[in-house]
Amino acid sequence: MKQTTHPPDHRSARVRNGAAPAAPPPPSTAKRGRPASPQWAAWAFLTPVALYLALFYAYPLYRNLDLSLRNYTVRSFVQGDAPFTGLQNYQKVFDDPVFAPALLHTVLFTAVCLAFQYAIGLALAVFFNQHFRLSATLRALFLVPWLLPLIVSASTWSWMLNSDSGIVNAALHAVGLDPVNWLTSPSWSLTSVIIANIWIGVPFNLVVLYSGLQSIPSGLYEAAALDGAGSWRRFWSITFPLLRPVSAITLLLGLVYTLKVFDIIWIMTKGGPADSSTTFATWSYQLGFGNLLPAFGPGAAVGNLLVVAALVFGLVYVRVQRKQAFS
């Protein structure tokens, strides 16, 4: 009988026992470049913003603080050798007889403007939220005061409130009332600039509050109407509570803007007559640039008081928002 021979089995024991052979290693390739870290990309995007904030915010604030702590004159302002005086400029500001009236006018100007701007803006936002015919056109027309340059708006109000040829006094004369010295009377000058600033600030409140109303679901109003809630009840129970976050940021931005209003007051009354419409913003400018012998230090000190006031209200807003977020 012929025997058949088999070739020798050169496979390893693992193969003979049923184990799969390991895959051969891939051919070596050139090392690829390591991708850049995402942290470096983030810093690259943040660098322009950081430089902008440092150059146009941090450095001016530092210079203003330095001005308020030194005795700067015109010569020392150019040469940079002003002596350090500490808090003497702030003491001069507090002892100045203009400080108390300017503080009172700043508080009145800010509080009255904020209250009327917010109330009128909210009323107009609710009105335009009804989506009637010509709603978009009228809403666009209300933006005109906000779009005009402030010098144009202030000059227009100065002409309208002129004691002799103003249209407001002409309207008062037409209905049998005596004319009012809006810009030249100490009793009316502050009221005049408040009216002008309210007119300018209403469109901003209208735009922001109207956008907040658009985010409120209409189903809430429909459910409240089915439960028998009237218009006022729906406003106080749905609209006003849900607008609180938008209202808070609107009031905060309005507060910061109103605290630093300068051009409207300066163009209309220059803070007079007899400092009857002087605020911290106009007083700071008058101290620093409105005299033949400028007082740069006290002027910078008054400006820093405005910065501190705005910063305090900003921190209060952030704290309130955090409490609402965690509650």
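This passage describes the nonpolar cores, one buried helical residue and one loop of a predicted model. Local features were considered at pLDDT of at least 70 and side-chain atom pairs only at pLDDT 80 or more, whereas totals for chains, interfaces and linings use all residues. Residues are numbered from 1 along each chain as its sequence is written, and side-chain values use heavy atoms, with hydrogens and water left out.

The largest nonpolar core (buried Ala, Val, Leu, Ile, Met, Phe, Trp, Tyr and Cys residues joined through side-chain atoms within 4.5 Å; buried means under 20% relative accessible area, exposed over 50% and partly exposed in between, with a 1.4 Å probe and protein chains only) comprises 35 residues, and F109 and M268 have the most contacts inside it. Two or more residues of this core are given by each of α5 (99-128), α8 (150-160), α10 (189-214), α12 (231-242) and α14 (263-268); helices are DSSP runs of H or I of at least four residues, numbered from the N terminus. The largest share, 11 residues, comes from α10. Apart from this core lies another, of 16 residues, including Y90, F99, V302 and L306.

T258 is located in helix α13 (residues 244-259) and counts as buried, at 2% relative accessibility. Beyond its neighbours within four places in sequence, T258 is in contact (heavy atoms within 4.5 Å) with F109, T110, C113, L114, Q117 and N197.

In the loop between α14 and α15 (280-289) lies P273, which is joined to G272 by a cis peptide bond with omega of about -5°. A274, in the loop between α14 and α15, is not a glycine yet has a positive phi of about 55°; this residue is exposed, with a relative accessible area of 75%. D275, also not a glycine, has a positive phi of about 60° and is partly exposed at 33% relative accessibility.
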